[in-house]
Amino acid sequence: MVQNTPNLFLPNMAFTKKTMVREWIVLALCLGLGAHVALGVLLHGSLDWPTETFGLYGIFFGIFIYVVVQVSRSVWRLWQGKSKS
């Protein structure tokens, strides 16, 4: 069902079921880490953020961490590709 779905952005990369599961795991770990960052700020920080918004902050931190991880992975792949040749 998911295998070999055409990719508009990276045409030479096929999305297999294994790739999709790996990306979901990375996203889940990043969202969990974002929640832990928000919880750490709530428990140890002296910021005057409303407590009701920490769930939203956890999601924002998680998405930010996910973007940083994806950029880091892309830079790593580019660097590895240039160093092999």
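In which helix does Leu-33 lie? Leu-33 lies in helix H1, and this residue is a convenient place to enter the structure. The model is a predicted one, in which local features need pLDDT of at least 70 and side-chain atom pairs count only at pLDDT 80 or more, while totals for chains, interfaces and linings use all residues. Residues are numbered from 1 along each chain as its sequence is written, and side-chain values use heavy atoms, with hydrogens and water left out.

The chain has two helices and zero strands, where helices (H or I, at least four residues) and strands (E, at least two) are DSSP runs, numbered from the N terminus. Helix H1 covers residues 17-44, and helix H2 covers residues 54-84. The 28 residues of H1 should span 40 Å at 1.5 Å a residue, and because its end C-alpha atoms are 40 Å apart, the expectation and the model agree; the expected span is 1.5 Å times one less than the number of residues in the helix.

Of the 85 residues in the chain, 14% are buried, a word that stands for under 20% relative accessible area, with exposed meaning over 50% and partly exposed in between (1.4 Å probe, protein chains only). In H1, the buried residues are Thr-19, Glu-23, Val-26, Cys-30, Gly-34 and Ala-38. Leu-33, by contrast, counts as partly exposed because its relative accessibility is 45%. Ile-59, which lies in helix H2, also counts as partly exposed, at 45% relative accessibility. Leu-33 and Ile-59 are 26 residues apart along the chain, and their C-alpha atoms are separated by 9.6 Å.

Contacts (heavy atoms within 4.5 Å) also join parts of the chain that are far apart in sequence: among those with a separation of 6 or more, 51% are between residues 24 or more positions apart. Glu-23 gives an example, since, leaving aside its neighbours within four places in sequence, Glu-23 is in contact with Tyr-66, Gln-70 and Arg-73. Arg-73 in turn touches Arg-22, Glu-23 and Val-26, again not counting residues up to four places away in sequence.

What kind of link do the side chains of Arg-73 and Glu-23 form? They meet in a salt bridge, with 2.9 Å from N to O, and the pair links distant parts of the chain, as Arg-73 is in helix H2 and Glu-23 in helix H1, 50 residues apart. A salt bridge is a side-chain nitrogen of Lys or Arg within 4 Å of a carboxyl oxygen of Asp or Glu, and a search of the whole structure finds one. Side chains of opposite charge can pair when their charged atoms come close. Glu-23 counts as buried because its relative accessibility is 18%, and Arg-73 is likewise buried, with a relative accessible area of 18%.

Turning to the surface, the accessible area of the chain comes to about 7,000 Å², of which 71% belongs to carbon and sulfur atoms; such areas come from the Shrake-Rupley method with a 1.4 Å probe, and for residues only the protein chains shown count as cover. A nonpolar patch of about 690 Å² is made by Leu-31, Leu-56, Ile-59, Phe-60, Ile-63, Val-67, Val-71 and Val-75, and helix H2 gives the most to this patch, with seven residues. Patches are made of residues with over 30% relative accessible area and no salt bridge, where like charges are joined within 9 Å and nonpolar side chains (Val, Leu, Ile, Met, Phe, Trp, Tyr) within 5 Å.
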